[in-house]
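I set out to record in this notebook what I looked up in one structure, entry by entry. The entries go from the whole chain to single side chains.

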Amino acid sequence: MSRPKAFDPQRALDSALHCFKQHGFNGASLSTLTQEMGVGRASLYATYGDKRALFMRALADYADTTIGFFVRRLDAADDPLAEVRAIFHDIAAFSVCDDGRFG
């Protein structure tokens with residue numbers, strides 16, 4: 001019987017995403033990832049697989065969260081076409097700001 005995880009897998013995945021955003025895939029070493037995620041190397045491998053699998057899972061989680069945000073906006077919109085325009089406007093405004101955001 002396996003032991004229960006001593007860490008929150010979602011919180012660790014969020015930390016991995018931040019690490020990848022900050023350092024890039026190649027720059028995020030396993031020791032940097034484990035340190036920022038607060039997990040041991042064995043736990044990282046057991047939970048997520050190798051570094052590439054961790055990256056792909058973090059990227060998929062990021063995409064699901066981002067797409068979900070836009071879908072909820074569109075679902076709640078009275079005028080979907082106006083909301084699509086507003087979303088593109090927000091993306092453009094977000095893209096040109098330089099306040100330390102990644103992605």
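The entries below concern the fold, one helix, the salt bridges, the aromatic rings and the surface.

**Entry 1. Status of the model and overall make-up**

I note at the outset that this is a predicted model. I looked up the secondary structure and found five helices and zero strands in the protein chain. Read from the N terminus, the order of elements is α-α-α-α-α.

I then looked up burial for the chain, which has 103 residues, and 22% of them are buried. For contacts with a separation of 6 or more, I recorded that 40% join residues 24 or more positions apart. The exposed area of the protein chain is about 7300 Å², and carbon and sulfur atoms supply 57% of that area.

**Entry 2. Helix α3**

Which residues of helix α3 are buried? In this helix, which spans residues 41-48, I found Leu44, Thr47 and Tyr48 to be buried. They lie on the same side of α3, because the arc they cover around the axis is only 80°.

I next asked what the buried residues of α3 pack against. Their partners are α1 (9-27), α2 (30-37) and α4 (51-76). On the face turned away from this buried side I noted Ala42 and Ala46, both exposed.

I also checked what follows α3, and Gly49 does, with a positive phi near 90°.

**Entry 3. Salt bridges around Arg73**

How many salt bridges does the structure hold? I counted two. In one, the side chains of Glu83 and Arg73 meet, with an N to O distance of 2.7 Å. Glu83 belongs to helix α5 and Arg73 to helix α4, so this pair ties together parts that are ten residues apart in sequence.

In the other entry on this topic, Asp90 forms a salt bridge with Arg73, and their closest N and O atoms are 2.9 Å apart. This pair also links distant parts of the chain, with Asp90 in helix α5 and Arg73 in helix α4, 17 residues apart. I therefore recorded Arg73, Glu83 and Asp90 as linked in a network of salt bridges.I then looked up how accessible the two acidic residues are. Is Glu83 buried or exposed? Glu83 has a relative accessibility of 19% and counts as buried, since the cut-off for buried is under 20%. Asp90 is partly exposed, and its relative accessible area is 34%.

For Glu83 I also listed contacts, leaving aside its neighbours within four places in sequence. Glu83 is in contact with Arg73, Leu74 and Ala77.

**Entry 4. Aromatic rings**

How many aromatic pairs are there? The count comes to four. I looked into two pairs that involve Phe25, beginning with Phe20 and Phe25. The rings of Phe20 and Phe25 are stacked, at 6.0 Å centre to centre with 15° between the planes. Phe25 and Phe55 form an edge-to-face pair, at 5.3 Å centre to centre with 70° between the planes. Phe25 lies in helix α1 and Phe55 in helix α4, so this pair ties together parts that are 30 residues apart in sequence.

I noted that ring pairs link Phe20, Phe25 and Phe55 into a cluster. What is the burial state of each member? Phe20 is buried, with a relative accessible area of 6%. Phe25 counts as partly exposed at 31% relative accessibility. Phe55 is also partly exposed, with a relative accessible area of 26%.

**Entry 5. Nonpolar surface patch**

Which residues make the nonpolar surface patch? I found Leu74, Leu81, Val84, Phe88 and Ile91, which together form a patch of about 430 Å². I then asked which helix gives the most to this patch. It is helix α5 (residues 80-96), with four residues. Leu81, one of the patch residues, lies in helix α5.

I note that Leu74 appears in two of my entries: Leu74 is part of the nonpolar patch, and Leu74 is also in contact with Glu83. Helix α5 likewise recurs, as the element that gives the most to the patch and as the helix that holds Glu83.

Technical notes:
Residues numbered from 1 in each chain as written. Heavy atoms only, no water. Patch = residues over 30% accessible without salt bridge, like charges linked within 9 Å, V, L, I, M, F, W, Y side chains within 5 Å. Areas by Shrake-Rupley, 256 points an atom, 1.4 Å probe, with all protein chains shown as cover. Salt bridge = Lys/Arg side-chain N within 4 Å of Asp/Glu carboxyl O. Helix = DSSP H or I, 4+ residues; strand = E, 2+ residues; numbered from the N terminus. Buried < 20%, exposed > 50% of the residue type's maximum accessible area, 1.4 Å probe, protein only. Arc of directions from axis to C-beta. Contact = heavy atoms within 4.5 Å. Phe/Tyr/Trp six-rings, centres within 6.5 Å; stacked < 30°, edge-to-face > 60°.
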